[in-house]
Amino acid sequence: MAAARVADRSPLAWTLPSPSWGLVVPLLAALLVLYLAPLVNLLWISVSDPSPGLGNYQKLLTSGAMQRVLWASLRIAGITTAIALLLGYLVAYVMLHAGPRHRLWIGAFVLIPFWVSVLVRAFAWLTLLRTEGLVNQALLGIGAIAAPLALVRNEFGVLVGMVHYMVPYAVLPLYANMKGIDRRLVPASRSLGAGPLRSFVSVFLPLSLPGIVAAWVLTFILSLGFLVTPAILGGGRVVMISEYVRLQIFQTIRWGLGTMMATVLLATVLLLLVALSRVVDMRQLYGAK
Amino acid sequence: MTASRFHADLALLAAERLERGEIDRRDVLKALGALGLAAALPATAGAAGKEIVVVNFGGDAVKAWDTAWGGPFTKDTGIKVTVIGGEPTPGAIKAMVESGKISWDVTDGDAYYLPILGKQGLIQKYDYARVDKAKVRPEFVFEYGCASYLYSTVNGYNAEKTGGRVPKGYADYLNFKDFPGKRAMYKWLVGALEAVLLGAGVEPDKLFPLDVKRAFALIKDHKDQFVLWGGGAASQQLFRDGEVVMGNLWSTRASVLDRESNGKLTWTWDQGVVAPGVLPVLVKNPAGPAVFDLLASMQAPERQIELLKILGNGPANPAAGALLTPELKKIDCGYEPNYQRQMPINTAWYAENYDRVQNDFLDLMAG
């Protein structure tokens, strides 16, 4: 099969790629200079500062603190992704079935927070959730609670802020995928005797799986690298990788450790993508096919 | 080619003579103008075209440093001073020096990381022939810099919530019986462990070297009682919002809170931790040695008082004390009677231990 395909091509096609590749050369060059070169430098610092070798990586194996940072990042990103996907799925599903006018409104409510700076949003949540904030005051006022709840400056606050940030990132790929699902299939399933739940679980849900995976990849990877939201809403009690890296680079000048952690973050993301590409067709996932 | 080299050399020569004071600036410009060369005057030529770039952490400090320090220096010397707000952290200094494109002359900084930067060859030793050691308290003079201003991490408190009771410095920091409520704590360490240890009854003169293990254990015991802040504005907000009853607060912010709340949110000088604001000079700084003339000019008591007026930073020059109005005496952490109630930070301990303890501290708080 593969051999036959190779034989189909003229020898020239092997030596000269399609001229349309020329159009992406500027982008590739920019990526190479602005992205790849600093990345190589980053890797280099992680094995050369303060002394050559894998000492920094060894520290990750022995340091409980660094492992906790890594684990906290994975855990928080995981929980954020799960909640954002669930909420995003509901929003996308409703959007799909809403009338055009209604859909426009939902779209606006998804997109407008998307444009608000992450810093502004974090401070807005802080104002709402703090001990003497709006939420606690309201709950105290109606007598639902006797003492203010600890809603922020902890992991809960971080999750609220991150989920809020991530929901649009989940909605958009999910909605794009759902729009491509043949709308006659669910009614067909119903007409064959399946109930609404069964029609959803056995027909719609499996068809929306590529959308779920695409949204999962996007939200999880973005969540792993969060800096501002955990720093503000975590009140120092939630340290994720980015803040740890920032501390090592800017504050305590341990560049070797900082770049090592950045490299670990990058490697984690790449490994995830590779693992995923074995399960699903990535090209199809992002519409390249 | 040769002609232009010659002209350049001529300009250089004129510049050198200008610097030695053999000719004045007008003569140079006249001569160069005759040659059509005015623009060729090199940047090193005395005051002409020279600029000193000063970087601090932004906000009101940009304008304040310009008013108190930059403007008067320019008036005296003709050298332009540009104050920029940014994030001149130790890491940013390292990044700039290693990139080879050094555009900052001097930055705002803390004393304890000067030896670390110095050892890595990123900053210069101070030129004490120009900057006067005698105008600074001896505990704030170091190889790579001396105090340009002072700031103190004091125990601030909400007088309304304490029922008018005044905490005895940090000695009451862990006294949850008489002062129930949360405590503000500085995320970047300076003053945090001191507060906890003093709160546990450690005598101020036996504070250093800090017993980190004990401090960490104490923090663990009361972990939910501490609210961390990472910057001045955030600390102010914690007190304003009533999130905390007392705790770490810079005296600069404390005086602002005191003024705006009519004394409801205030502070005590007792056991405050006074730290020097030291301005490290980058290696191969573009303006050259002139930067030390600027640093020397900043030691003038009037200019230091100007900064105190605008920002609340304590003058590093004790001579400023005699010129203070009663209102300024109240907010100046360097004013002798206030200073006596506080303690200077142990810079050597921080230089030795900061990076390790800071990381452990964050781990403790996140754990």
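In what order do the 3 strands of the open sheet in chain B stand, and is their pairing parallel or antiparallel? The order is β2-β1-β3, and the pairing is parallel.

Before I go further, a word on what we are looking at. This is a predicted model, in which local features need pLDDT of at least 70 and side-chain atom pairs count only at pLDDT 80 or more, while totals for chains, interfaces and linings use all residues. Residues are numbered from 1 along each chain as its sequence is written, and chains are lettered from A and ligands numbered from 1 in the order in which they are written.

Let me begin with chain B as a whole. Chain B has 14 helices and 11 strands, where helices (H or I, at least four residues) and strands (E, at least two) are DSSP runs numbered from the N terminus. Of its 367 residues, 47% are buried, a residue being buried if 20 or more other C-beta atoms lie within 10 Å of its own, exposed if 12 or fewer, and partly exposed in between, with C-beta atoms placed from the backbone. Contacts come up often in this talk, and two residues are in contact if their C-beta atoms, placed from the backbone, lie within 7 Å. Among the contacts in chain B between residues at least 6 apart in sequence, 71% join residues at least 24 apart.

Back to the open sheet. Its edge strands are β2 (80–85) and β3 (106–107) of chain B, each of which pairs on one side only; two strands pair if DSSP finds at least two bridges between them. Strand β1 (residues 51–56) of chain B is joined to β2(B) by 6 bridges, and these two run parallel, with V55(B) having I84(B) as its bridge partner in β2(B). Helix α3 (residues 60–77) of chain B packs on this sheet, touching β1 and β2 of chain B, and its direction makes about 170° with that of β2(B); here axes are lines fitted to C-alpha atoms, for helices over the stretch in contact, and angles run from 0 to 180 degrees between N-to-C directions.

Now to strand β5 (residues 145–158) of chain B. Because 14 of its 14 residues are buried, β5(B) is largely enclosed by the rest of the structure. A hairpin through 2 residues joins β4(B) to β5(B), and the two pair in the antiparallel sense over 2 bridges, with F142(B) opposite G145(B). Strand β9 (residues 265–278) of chain B is joined to β5(B) by 10 bridges and runs antiparallel to it, while strand β8 (residues 246–250) of chain B is joined to β5(B) by 5 bridges, again antiparallel. N155(B) appears in both pairings, standing opposite T268(B) in β9(B) and having N248(B) as its bridge partner in β8(B).

Next, the domains. Chain B is divided into domain 1 (51–147 + 278–310) and domain 2 (151–275 + 343–366), with bounds that come from an automatic or database domain assignment. The centres of the two domains, taken over C-alpha atoms, are separated by 28 Å, and 8 residues of domain 1 are in contact with 6 residues of domain 2.

That leads to the largest nonpolar core, which has 156 residues, with A170(A), V171(A), M261(A), I52(B), C146(B) and V291(B) having the most contacts inside it. A nonpolar core is a set of buried Ala, Val, Leu, Ile, Met, Phe, Trp, Tyr and Cys residues joined through C-beta atoms within 7 Å. Both domain 1 and domain 2 of chain B give residues to this core, so it lies between them. Leaving aside neighbours within four places in sequence, V291(B) is in contact with I52(B), D105(B), V106(B), V281(B) and N285(B).

A charged residue deserves a mention too. D110(B) sits in the loop between β3 and α5 (114–119) of chain B, and it counts as buried because it has 22 C-beta neighbours inside 10 Å. Not counting residues up to four places away in sequence, D110(B) touches A275(B) and V278(B).

Finally, where the chains meet, the contact takes 21 residues from chain B and 19 residues from chain A. On the side of chain B that touches chain A, the largest share, 8 residues, comes from α14(B).
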